[in-house]
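Subject: Structure handover

Hello,

Here is the structure I promised to pass on. Please open it alongside this email; my notes follow below.

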Amino acid sequence: METLVLNIARHISLGINVISVLVVLWGSIEGIVRLLQTMLERNATLAAKRVLWLDFARWLIAGLTFQLASDIVETAIEPSWDSLGKFAAITAIRTLLSFSLDRDLDAVAARQRADNLAGTRSHSA
């Protein structure tokens, strides 16, 4: 019975890992396509570039979150000190990356709101 549970957990971990790779791949492909469209557009605004960055960062954060979920499952089925140490290091790195991306997203979104507010004020003046 234990072997069955371990095998199921390994398949679950692998499935979640595959999902994380697909999320990052999809976000990267979408980002590249939109980047090329933006580069070819002569009147591309800074706001359009910010939206592109925001969307791509969201895909990356989603991928990191799925990878972390996979790591949790892997650690649950092999709770050795070695695997726990690796999990802790990977979690710290991914958490820092996620935090950094979240902070960047907040900053870009704030600039976007400020630009929209400034545009609204100039139109009403």
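**A buried serine**

Start with Ser70. Its relative accessibility is 0%, so Ser70 counts as buried. Please keep in mind that this is a predicted model. Ser70 sits in helix α2. Which residues does Ser70 contact, once neighbours within four places in sequence are left aside? They are Ser13, Ile16 and Asn17.

Phe66 is also worth a look. Phe66 is found in helix α2. Its relative accessibility is 33%, so Phe66 counts as partly exposed. Leaving aside neighbours within four places in sequence, Phe66 is in contact with Ile16, Ile19, Ser20 and Val23. Ile16 therefore appears in the contact lists of Ser70 and of Phe66, and both of these residues belong to helix α2.

One distance helps you to get your bearings. Phe66 and Ile77 are 11 residues apart along the chain. Their C-alpha atoms are separated by 17 Å.

**The overall fold**

Now step back to the whole chain. It has three helices and zero strands. Read along the sequence, the pattern is α-α-α. The radius of gyration is 20 Å, well over the 14 Å that the globule rule gives for 125 residues, so the chain is more spread out than a compact globule. The C-alpha trace spans about 70 × 25 × 20 Å along its principal axes.

Helix α1 covers residues 2-40. Helix α2 covers residues 46-77. Helix α3 covers 81-124.

How much of the chain is buried? The share is 24% of the 125 residues. The chain exposes about 8,800 Å². Carbon and sulfur atoms supply 69% of that area.

Contacts also reach across the sequence. Take the contacts with a separation of 6 or more. Residues 24 or more positions apart account for 77% of them.

**The salt bridges**

Side chains of opposite charge can pair when their charged atoms come close. How many salt bridges does the count give here? It comes to three.

- Arg34 and Glu30 meet through their side chains, at 3.7 Å from N to O. Both lie in helix α1, four residues apart, about one turn of the helix.
- Asp55 and Arg34 also meet in a salt bridge, at 2.6 Å from N to O. This pair links distant parts of the chain: Asp55 is in helix α2 and Arg34 in helix α1, 21 residues apart.
- Asp55 forms a salt bridge with Arg58 as well, and the closest N and O atoms are 3.0 Å apart. Asp55 and Arg58 both lie in helix α2, three residues apart, about one turn of the helix.

Shared partners join these salt bridges, and Glu30, Arg34, Asp55 and Arg58 form one network.

Are these residues buried or exposed, or in between? Arg34 is partly exposed, at 23% relative accessible area. Glu30 counts as partly exposed at 27%. Asp55 is partly exposed at 22%. Arg58 is partly exposed at 47%.

**The nonpolar core**

Which residues make up the largest nonpolar core? There are seven: Leu54, Ala57, Ile61, Leu64, Leu101, Leu105 and Val108. The elements that give two or more residues to this core are α2 and α3. Helix α2 gives the most, with four residues.

Val108 is a good place to zoom in. Leaving aside neighbours within four places in sequence, Val108 is in contact with Arg50, Trp53 and Leu54. One of these, Leu54, is itself a member of the core.

**A nonpolar surface patch**

Nonpolar side chains appear on the surface too. Leu14, Val18, Leu22, Leu25, Ile29 and Val33 form a nonpolar patch there. Together they have about 530 Å² of accessible area. Val33 lies in helix α1. Its relative accessibility is 41%, so Val33 counts as partly exposed.

**Where to look**

For a quick tour, begin at Ser70, which is buried. Move to the network of Glu30, Arg34, Asp55 and Arg58. Then view the seven-residue core. Finish at the surface patch that includes Leu14 and Val33.

Best wishes

Technical notes:
Residues are numbered from 1 along each chain as its sequence is written. This is a predicted model: local features need pLDDT of at least 70, side-chain atom pairs count only at pLDDT 80 or more; totals for chains, interfaces and linings use all residues. Side-chain values use heavy atoms; hydrogens and water are left out. A salt bridge is a side-chain nitrogen of Lys or Arg within 4 Å of a carboxyl oxygen of Asp or Glu. Buried means under 20% relative accessible area, exposed over 50%, partly exposed in between (1.4 Å probe, protein chains only). A nonpolar core is a set of buried Ala, Val, Leu, Ile, Met, Phe, Trp, Tyr and Cys residues joined through side-chain atoms within 4.5 Å. Contact means heavy atoms within 4.5 Å. Patches are made of residues with over 30% relative accessible area and no salt bridge: like charges are joined within 9 Å, nonpolar side chains (Val, Leu, Ile, Met, Phe, Trp, Tyr) within 5 Å. Accessible areas come from the Shrake-Rupley method with a 1.4 Å probe; for residues, only the protein chains shown count as cover. The radius of gyration is taken over C-alpha atoms; the globule rule is 2.2 Å times the number of residues to the power 0.38.
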